[in-house]
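Let's take a quick tour of the pockets in this protein. Have the structure open while you read, so you can find each spot as it comes up.

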Amino acid sequence: MRLILLGPPGSGKGTQAQRLVHKHGIVQLSTGEMLRAAAAAGTPVGLQAKEIMANGGLVPDEVVVGIIADRIEEPDAKKGFILDGFPRTVPQAEALDELLRKRHLKLDAVVELRVNESALLARVEKRAEETRARGEEVRLDDTPEVLTKRLAQYRSMTEPLIHYYSERRKLLTVDGMMTIEHVTRDINRILAAIGALESKADEPAKKPAKSASKATETAKKTTKKPAKKAAKPARKAAKGASKAVAKAKGTNKGAKKAAKKPAKKGAKQASRAANARKGAKAVKKAAKKLTKKRAKR
């Protein structure tokens, strides 16, 4: 999951970023922290940024993009990241798009926390009063005056990103004036709806489901095997029975044939004997006639 959180100062981006980091195991990439870390590590881009910052200058976009390019290659960023403080301008957004395209990575969503500026000023005033009441020193960047300047800067430089990402169908808007819990729930709901994330709580549920389906398949196979084994002897027995029937039929036919043959032979012999007897009778008659004629003479 790769995200950008957009919103004016005091909108709660930092709080929501930390909650997403904790829930989904991704990293929060703050450009300020990355610049300081790169400078401390002595990387070529970091040394370049260090020199610029030491002279009080603004770090050019290409240097910031170079630091982000190095950072997203680190192992902890492989699962995903949330960019904090970058991009701030449309040219920075275009440079980020080009970087991700070259790395074959996809930006999943840009979440805008929409807030009421007058309500933000009221929040800061209240927070400053509470800080003074505790006897603590109010942060220089946590006053209504500083916030008013920062809001004006946000409108002129960063707010155009809302239109930029909206055109690219990456923008998702959440009401940042709700409670922290409500905002967190809304962010997670819309990210889940676009398929940008899978909750850790869902992962164990998927594994048992897979195990259950495997168990079902195994049970089916196990059931089929005994059935097949049992069916084989039955089929063999059926074949043996049919062969025995066929044999019996053949034997019956043979017996009939065998019975017919002697009957035919006997009939022939009987007819021959009858003919012989007839012939003998005829010879006797002829002999008698001949004897009588001789006696008369």
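A pocket here is an open set of grid points with protein on both sides within 12 Å along at least five of seven lines, and a volume is the space filled by probe spheres set on the points. Keep in mind that this is a predicted model. With that sorted, here's what the two largest pockets look like.

**The largest pocket**

- The space in this pocket comes to about 1,500 Å³.
- A set of 49 residues lines the largest pocket, and the closest to its centre are Pro9, Lys13, Asp84, Arg88 and Arg150.
- Several elements give two or more residues to this lining, including strand E1 (2-6), helix H1 (13-24), strand E3 (81-84) and helix H9 (180-193).
- Which helix gives the most to the lining of the largest pocket? That's H7, with six residues.
- Sorted by class, the lining of the largest pocket holds 21 nonpolar, 18 polar and ten charged residues.

**The second largest pocket**

- This one has a volume of about 160 Å³.
- Its lining is made up of Met34, Ala37, Ala38, Ala41, Thr43, Ile67, Asp70, Arg71 and Glu74.
- Both H2 and H4 chip in at least two residues each to the lining of the second largest pocket.
- H2 has the largest share of that lining, with four residues.
- By class, you'll find five nonpolar, one polar and three charged residues around the second largest pocket.

**Shared by both pockets**

- Helices H2 (31-41) and H4 (61-71) also give two or more residues each to the lining of the largest pocket, so look for them in both places.

Technical notes. Residues numbered from 1 in each chain as written. Predicted model: local features only at pLDDT ≥ 70, side-chain atom pairs only at ≥ 80, totals over all residues. Heavy atoms only, no water. 1 Å grid on protein atoms, 1.4 Å probe; cavity = no way out; pocket = protein on both sides within 12 Å on 5 of 7 lines; lining within 4 Å. Nonpolar A, V, L, I, M, F, W, Y, C, P; charged D, E, K, R; others polar.
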